[in-house]
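Reader: I want to walk through the spaces in this structure and the names given to them. Please hold each value up against its definition.

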Amino acid sequence: MSTDLATFIRGLPKAELHLHIEGSLEPELMFELAQRNRIALPFDTVEAIRAAYAFSNLQDFLDIYYQGAGVLQTERDFQDLTMAYFRRLHADGGVHAEIFYDPQTHTDRGQPFSVAADGILAGMQQAEDELGVSSKLIMSFLRHLSEEAAFETLKQAEPYLDRFVGVGLDSGEVGHPPSKFANVMKACRERGLLINAHAGEEGPPEYVYEALDILGVDRIDHGNRALEDPALTRRLVDMGITLTVCPLSNLSLCVVRDLKDHPMKRMLDLGLKATCNSDDPAYFGGYLAENYLRTAEALGLTRDDLATLARNSFSGSFLGEAEKAKHIAAVDAYVAASASGTV
Ligand code: HPA
Ligand code: ZN
């Protein structure tokens, strides 16, 4: 007898390519850290926090998300946060993750640059040692702030650049196009960093063009609205650009009205290199496996589709070619074993 869909998904080797570590802060840990650091929270209970997570757009979410991150004070807090995420990922059958963090969220409240960076890197090392899950770190610039502020962050990051695989661009998209960060992203590329940008989540297809043409991105985060432009869609297919798509995030932030309207199936059918990710799982109601499962149920994704998403997560990763090939072979072996009923 074949395994049920949830079991199949959990056993499928997969990578997560779009995860903001601050967005994995569960209310329970938020309370624990608030107590540890003697910080007052505007909520009395975990339930009250969860009840506040009803968003109608990206900015609604960002306001609460930046406030929540205020409980993260010490290296240990960041390490605990990071390790809590990796335990969830491991339980979901995730074997590799490329995670974002926002240095400016922390330095702008007076924290030295080293606190978040050292804490997250320590958590990543612990996950590798204790769970065998590999990872890479991407620092993101907040696009609602100036390019000058991003340059200042890059300067502070200098001692860490060999431990960052790339840079990203996140926060409120509309009104802050990729072109605003053309110079700083060029400087990042010259330092050997790979380039990511959130584009086409709420912003128009023009922002996706800018991410490609002005920033020269290696990956697009979200990219949903690229589908509004057939020429752009063709270009993304031809270039083989990976899109880090986040279905439950899209549902929570009203990018789609219902998961049944989600473009994931259409993206795969068009030949786009889509991947499935959780974005900010503590806020959007599901980690990696839940994103695969609920999307599969809503859209009728086949096991072949799910295996394609898993293969894309490795081929679109920033791992070396040999490691990509090893993980993709593991996906193939799992799918074959699953089809023959041996798992
Ligand atoms: N979009 C933009 N900025 C973000 C997001 C997102 O989905 N999550 C965390 N910061
Ligand atoms: Zn994101």
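Author: Start with the largest pocket, whose volume is about 180 Å³. This is a predicted model: local features need pLDDT of at least 70, side-chain atom pairs need 80 or more, and totals for chains, interfaces and linings use all residues. Residues count from 1 along each chain as written, chains are lettered from A and ligands numbered from 1 in written order, and side-chain values use heavy atoms, without hydrogens or water.

Reader: What makes a space a pocket and not a cavity?

Author: Access, on a 1 Å grid over the protein atoms alone. In a cavity a 1.4 Å probe fits but cannot get out; a pocket is open, with protein on both sides within 12 Å along at least five of seven lines. The volume is the space filled by probe spheres set on the grid points, which are joined across faces, edges and corners. So the 180 Å³ belongs to an open space.

Reader: How do you know which residues line the largest pocket?

Author: A lining residue has an atom within 4 Å of a grid point. L121, M124, Q125, E128, S135, K136, L137, R163, F164 and V165 pass. Two or more of them come from each of α7 (113–131), β3 (134–142) and β4 (164–170). α7 gives the largest share, 4 residues.

Reader: Why is α7 called a helix and β3 a strand?

Author: Both are DSSP runs, numbered from the N terminus: H or I over at least four residues for a helix, E over at least two for a strand. α7 runs 113–131 and β3 runs 134–142, so both clear the bar.

Reader: Now the enclosed spaces. How many cavities are there?

Author: There are 2 of 30 Å³ or more. The largest has about 110 Å³. Of its 17 lining residues, H20, L58, F61, L62 and H198 are closest to the centre. The second largest has about 60 Å³. M30, L41, P42, F43, Y53, I64, Q67 and G68 line that one.

Reader: What makes 6 residues of the second lining nonpolar?

Author: Ala, Val, Leu, Ile, Met, Phe, Trp, Tyr, Cys and Pro count as nonpolar, Asp, Glu, Lys and Arg as charged, the others, Gly among them, as polar. The second lining therefore has 6 nonpolar, 2 polar and no charged residues. The largest cavity's lining has 7 nonpolar, 5 polar and 5 charged.

Reader: What takes up the largest cavity?

Author: Ligand 1 does. A molecule sits in a cavity if more than half of its atoms lie within 2 Å of the grid points. Its shell includes H20, S171 and H222; the cut-off is a heavy atom within 4 Å. Helix α4 (residues 58–68) gives the most to that shell, 4 residues.

Reader: Why is the S171 pair with ligand 1 called a polar contact?

Author: The limit is 3.5 Å between N or O atoms, and a backbone N or O of S171 lies 2.8 Å from a ligand nitrogen, so the pair counts. The H20 side chain places an N or O atom 3.2 Å from a nitrogen of ligand 1. A polar side-chain atom of H222 is 3.3 Å from a ligand oxygen.

Terms used. A polar contact is a pair of N or O atoms within 3.5 Å; within protein, one must be able to donate a hydrogen and the other to accept it, and residues adjacent in sequence count only if both atoms are side-chain atoms.
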